[in-house]
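This report introduces the structure shown below to a reader who has not met it before. It treats salt bridges and the arrangement of strands and helices in turn.

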Amino acid sequence: MQYARIGTSGLKVSRIALGMMSYGTKRSRAWHLELDEAEPLVRRAVEAGVTFFDTADMYSDGASEEITGRLLGKLFPRRDDYVLASKVYYPMGSGPNDRGLSRKHILSSIDASLRRLGTDYVDLYQIHRWDYETPIEETMEALHDVVRAGKARYIGASSMYAWQFAKAQYTADARGWTRFVSMQNHYNLVYREEEREMLPFCIDQGVGALPWSPLARGLLAGARSRSGELKTVRAGNDPYANELYTEADFDVVEALSRVAAQRNVPPARIALAWLLGKRGVCAPIVGATKMHHVDDAIAAVELALTQDEIAQLEAPYRPHTVRGHS
């Protein structure tokens, strides 16, 4: 395993982050793995050197955080041996204050997350989306107070427009508050709109990119076909993927398959290697529900693509409308 700093911060993480959204209860999603099913996969990742784990309060209504806390407490001898990330924004109840990025919700949510995780702090506390109803000054001050209270070591953000992220960073700098060190954005071979503004901004500002859906919710791993065949349980129970990706994206998938065949490796490995080679990308957030998902992610760290292979992979790309901010 290789390790890298998140942007220009001092926080070092494995080049692969294990996304814990896959673990929860089957009542929430048919493809979720429960505690006993998840443990072998997380153990394999830990044994391979993965030290970075990403979850969120809303994943499986908090069950993901509970499973994450139990497994990491069991698999690591010390809390300082791993980097734990969680998120806040989405509804965690039916009340009007049970969502968003208000001071009330942030301060309540961090305490609830820490209880579920069974820890005193998270290493990275991230806002899951932009809150159009709360002033950014209120959000940034509340996050600063979370850090000052020792409940989070760093803060990060997730999918939003570059102007919004710039406004948040400017607000923090102007008030002397904690600024974001990371951006967890929607970025992969079939969705590269982040290359226009967000990634250049992150590179300029020393912010590390932690792409989510690096395999396009299984599209780049062969979970779907151009004819509409759904080859996995998740593909058949993941309506959000239909909002993000279209039939036209299979031109990229086919180019990926050709390069993978030339290398005699799985397409997922090539897609992750491409992403890991992009400037500004620190650690893709990789979900795993099968052992080979973990193995492909680990192997991708050591796979260096040629310029010709990269050109083949990128040639079929066509611009998209912005997706993944909701």
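## Salt bridges and sheet

Asp81 counts as partly exposed, at 25% relative accessibility. The model described here is a predicted one. The partner of Asp81 is Arg78, and the closest N and O atoms of this salt bridge are 2.9 Å apart. Arg78 is likewise partly exposed, because its relative accessible area of 49% falls between the 20% and 50% limits of that class.

In the whole structure, a search finds 17 salt bridges. One of them links the side chains of Arg43 and Glu39, with 2.8 Å from N to O. Both residues belong to helix α1 (residues 35–47), where four residues, about one turn of the helix, separate Arg43 from Glu39. Arg43 is partly exposed, with a relative accessible area of 33%, whereas Glu39 is buried, at 15%.

A further salt bridge is formed by Glu314 and Lys278, whose closest N and O atoms lie 2.6 Å apart. Glu314 is part of helix α11 (residues 307–314), while Lys278 sits in the loop between α9 (267–276) and β10, so the pair ties together parts that are 36 residues apart in sequence. Through shared partners, salt bridges join Glu314 and Lys278 with Arg192 and Glu195 into one network. Lys278 itself is partly exposed, with a relative accessible area of 22%.

The three pairs discussed above are set out here.

| Salt bridge | N to O distance |
|---|---|
| Arg43 and Glu39 | 2.8 Å |
| Arg78 and Asp81 | 2.9 Å |
| Glu314 and Lys278 | 2.6 Å |

The loop that holds Lys278 lies between α9 and β10, and strand β10 leads to the sheet. How are the eight strands ordered in the open sheet? The order is β9-β8-β7-β6-β5-β4-β3-β10, and the pairing is parallel. Strands β9 (208–209) and β10 (285–287) stand at the edges with a single partner strand each, so one side of each is left without a neighbour in the sheet. Strands of a sheet pair through backbone hydrogen bonds, either parallel or antiparallel.

The partner of β10 is β3 (residues 17–19); the two strands run parallel and are joined by three bridges. Within this pair, Gly19 stands opposite Gly287 of β10.

A helix also lies across part of the sheet. Helix α4 (residues 136–148) lies across β6 (122–127) and β7 (152–158), and the helix runs at about 150° to β7.

Notes:
Residues are numbered from 1 along each chain as its sequence is written. This is a predicted model: local features need pLDDT of at least 70, side-chain atom pairs count only at pLDDT 80 or more; totals for chains, interfaces and linings use all residues. Side-chain values use heavy atoms; hydrogens and water are left out. Two strands pair if DSSP finds at least two bridges between them. Contact means heavy atoms within 4.5 Å. Axes are lines fitted to C-alpha atoms, for helices over the stretch in contact, and angles run from 0 to 180 degrees between N-to-C directions. A salt bridge is a side-chain nitrogen of Lys or Arg within 4 Å of a carboxyl oxygen of Asp or Glu. Buried means under 20% relative accessible area, exposed over 50%, partly exposed in between (1.4 Å probe, protein chains only).
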